[in-house]
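Student: I would like to learn how to read a protein model, feature by feature. Could you walk me through one, please?
Tutor: Gladly! Let us open it and begin.

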Amino acid sequence: MARSRTSGDRRAAEPVPPAVQETVRELVDLSPVLRGLGERFVAAGFEAHLVGGSVRDALLAAGSGVPRVPGDLDVTTDARPEQTLELLRGWAGSTWNTGVQFGTVGAEVRGVRLEITTFRADRYDRESRNPEVAWGTSLEDDLARRDFTVNAMAVSLGPDRRVTDPFGGLGDLLKRRLRTPGSAVDSFLDDPLRMLRAVRFVAQLELTPDDEVVAAMTSLAPELGRITPERVQAELSKTLLQDRPRAALELFVSTGLADVVLPELPALRMEIDEHHQHKDVYSHSLTVLEQAIALEKADPSAESPDLVLRLAALLHDIGKPATRRHEARGRVSFHHHEVVGAKLVRKRLTALRYPKEVVEDVARLTFLHLRFHGYGRGEWTDSAVRRYVTDAGDLLPRLHKLVRSDSTTRNKRRAAALSATYDSLEERITVLSEAEDLARVRPDLDGNAIMSLLGIPPGPEVGQAWRFLKDLRLERGPLPPDEAEAELRAWWAARS
């Protein structure tokens, strides 16, 4: 059944203060592109308004004392798409109409990207969840269909630069409050992905959802199962890439959204009883994520934000629920949880349509995150250090951060000891790397030398000999050619 919001859903807003009006007017005037766009549309008898996140971010920037116009701009207008295209002809550097069936025309003007959308008054089919696109007749109707009040504000690009805020978005922004323009239930039934956007805005804007929003998210969480994995993944990734995602992830879990999208995360809230004590793995994982982000941001040579590292930090222990065993004297074990966890990571991230390289990197980090704990107090041989570096490959800098972040003990002495032990491992890696190229360990003889020495043609036996020599190289380090040849001949004779 299709439906649309009625005026009875709408909430009154306080007038926009004159000081805010003036600030917004100045912000719009800072952009030659917005000024030019407004002049073209007004001269042709149309309205044009800056809307959505563009207005929200401009107001936030003004409040921080650093006024700036956001890079990508969203504009709404009463002009139809074909009229918009005509108005842009000869002025925009380029235009595209991939979203024209939804009333959106894209354009680039002087390096600024614009999306210009005709007023909408969509109705949503509650069975398919697809919008039935309908043109609106007023700006307020267009704003009423938006996801949250902080995104339901507009600034006129006409001469008056008037701010339109029918649902109190500015007040909510100032109070760091997240509400919907109308009924939260209706809004989330219209588009369940809005519940994940609510989660993202908790991280991105540090907003607190009101009780109605939380209640609607909790009751409608199963509706998220109707959204395509690609859209879900995009919102989850945006949340993880924020500076402080913990509160958002806690909302994600407490409302039941995670049970639909990422059930391995709430599964970490394992029961802890008085006889079998172990740390809260769920809270531990969120703390590991926070610590990994801090290390990532402190490393000037690292990619930031780093989605692979953050996914690995959040999911590194997801194999624990399946491997938990109660041992004698109240102890709890999680033997081989890194192996099980790597499999679960591959399965879940693949289902969420993450790129293959992201899936494999996160799974590899999950598999390797416990390796360091066999290091003890530095008893590893040089061979073990070589294998640690070789197995990590180009993930080694991320593995360093993940392992260090995995220490969440409150015992300061133990934390200092773990940190010092890892320092010693990194020092040994540095020393060995100066003597050997640990980043690219290769056998001392290549394939041609192997075939010549053993008198064999290309084939599987060459690969087997190559792997033998690589294992030998990892075990003993670089060998002189004559010694490597002698070892290969001995291996070949024993094999034959």
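Student: Let us start with the backbone. How exposed is R353, which you have marked for me?
Tutor: First, keep in mind that this is a predicted model. Buried means under 20% relative accessible area and exposed means over 50%. R353 has a relative accessible area of 45%, so this residue is partly exposed. R353 is found in the loop between α16 (337-351) and α17 (356-368). Its phi is near 65 degrees, a positive value in a residue other than glycine.

Student: Which other residue has a positive phi although it is not a glycine?
Tutor: Look at R161, where phi is about 50 degrees. R161 sits in the loop between β9 (154-156) and β10 (163-164). With a relative accessible area of 10%, R161 is buried, whereas R353 is partly exposed.

Student: And where is there a cis peptide bond?
Tutor: Go to the bond from S304 to P305, whose omega is near -5 degrees. P305 belongs to the loop between α13 (281-298) and α14 (307-315).

Student: How do I look for empty space inside a model?
Tutor: Rolling a probe the size of a water molecule over the atoms shows where empty space is left. Here, a search of the whole structure finds two cavities of 30 Å³ or more. The second largest has a volume of about 30 Å³.

Student: Which residues line the second largest cavity?
Tutor: Its lining is made of L196, V199, E235, L236, T239 and F252. Two elements each give two or more residues to this lining: α8 (193-204) and α10 (229-240). The largest share, three residues, comes from α10. Sorted by class, the lining has four nonpolar residues, one polar and one charged.

Student: Next, how do I describe two aromatic rings that meet?
Tutor: A pair of aromatic rings is described by the distance of the centres and the angle of the planes. This structure has four aromatic pairs. In one of them, the ring centres of F372 and Y422 are 4.7 Å apart and the planes stand at 70 degrees, so the pair is edge-to-face. The two rings link distant parts of the chain, 50 residues apart: F372 is in the loop between α17 and α18 (382-392), and Y422 is in helix α20 (residues 412-435).

Student: Are those two rings buried or exposed?
Tutor: F372 is buried, with a relative accessible area of 4%, and Y422 also counts as buried, at 1%.

Student: What else can I look for around aromatic rings?
Tutor: You can look for clusters, and F148, F188 and F201 form one. You can also look for a charge over a ring: K320 lies over the face of F334, at 4.8 Å from the ring centre.

Student: How many residues of helix α19 are buried?
Tutor: Eight of the ten residues in α19 (residues 396-405) are buried, so to speak "mostly covered". Among them are L396, L399, L402 and V403, along with R398 and K401.

Student: K401 has a charged side chain, I believe. What does K401 pair with?
Tutor: Side chains of opposite charge can pair when their charged atoms come close. K401 forms a salt bridge with D299, and the closest N and O atoms are 2.9 Å apart. This pair links distant parts of the chain: K401 in helix α19 and D299 in the loop between α13 and α14, 102 residues apart. K401 counts as buried at 11% relative accessibility, while D299 is partly exposed at 21%.

Student: How many salt bridges are there in total?
Tutor: The count comes to 29. One of them joins the side chains of D382 and R428, at 3.0 Å from N to O. D382 lies in helix α18 and R428 in helix α20, so the pair ties together parts that are 46 residues apart in sequence. D382 counts as partly exposed, at 37% relative accessibility.

Student: Which residue does D423 meet in a salt bridge?
Tutor: The partner is R404, at 2.6 Å from N to O. D423 is in helix α20 and R404 in helix α19, 19 residues apart. D423 is partly exposed, with a relative accessible area of 33%, and R404 counts as partly exposed at 25%. There is also a network: salt bridges that share partners join D147, D191, R197 and R231.

Definitions and conventions: Residues numbered from 1 in each chain as written. Predicted model: local features only at pLDDT ≥ 70, side-chain atom pairs only at ≥ 80, totals over all residues. Heavy atoms only, no water. Helix = DSSP H or I, 4+ residues; strand = E, 2+ residues; numbered from the N terminus. Buried < 20%, exposed > 50% of the residue type's maximum accessible area, 1.4 Å probe, protein only. 1 Å grid on protein atoms, 1.4 Å probe; cavity = no way out; pocket = protein on both sides within 12 Å on 5 of 7 lines; lining within 4 Å. Points joined across faces, edges and corners; volume = space filled by probe spheres on them. Nonpolar A, V, L, I, M, F, W, Y, C, P; charged D, E, K, R; others polar. Phe/Tyr/Trp six-rings, centres within 6.5 Å; stacked < 30°, edge-to-face > 60°. Lys NZ or Arg CZ within 6 Å of the ring centre and 35° of its normal. Salt bridge = Lys/Arg side-chain N within 4 Å of Asp/Glu carboxyl O.
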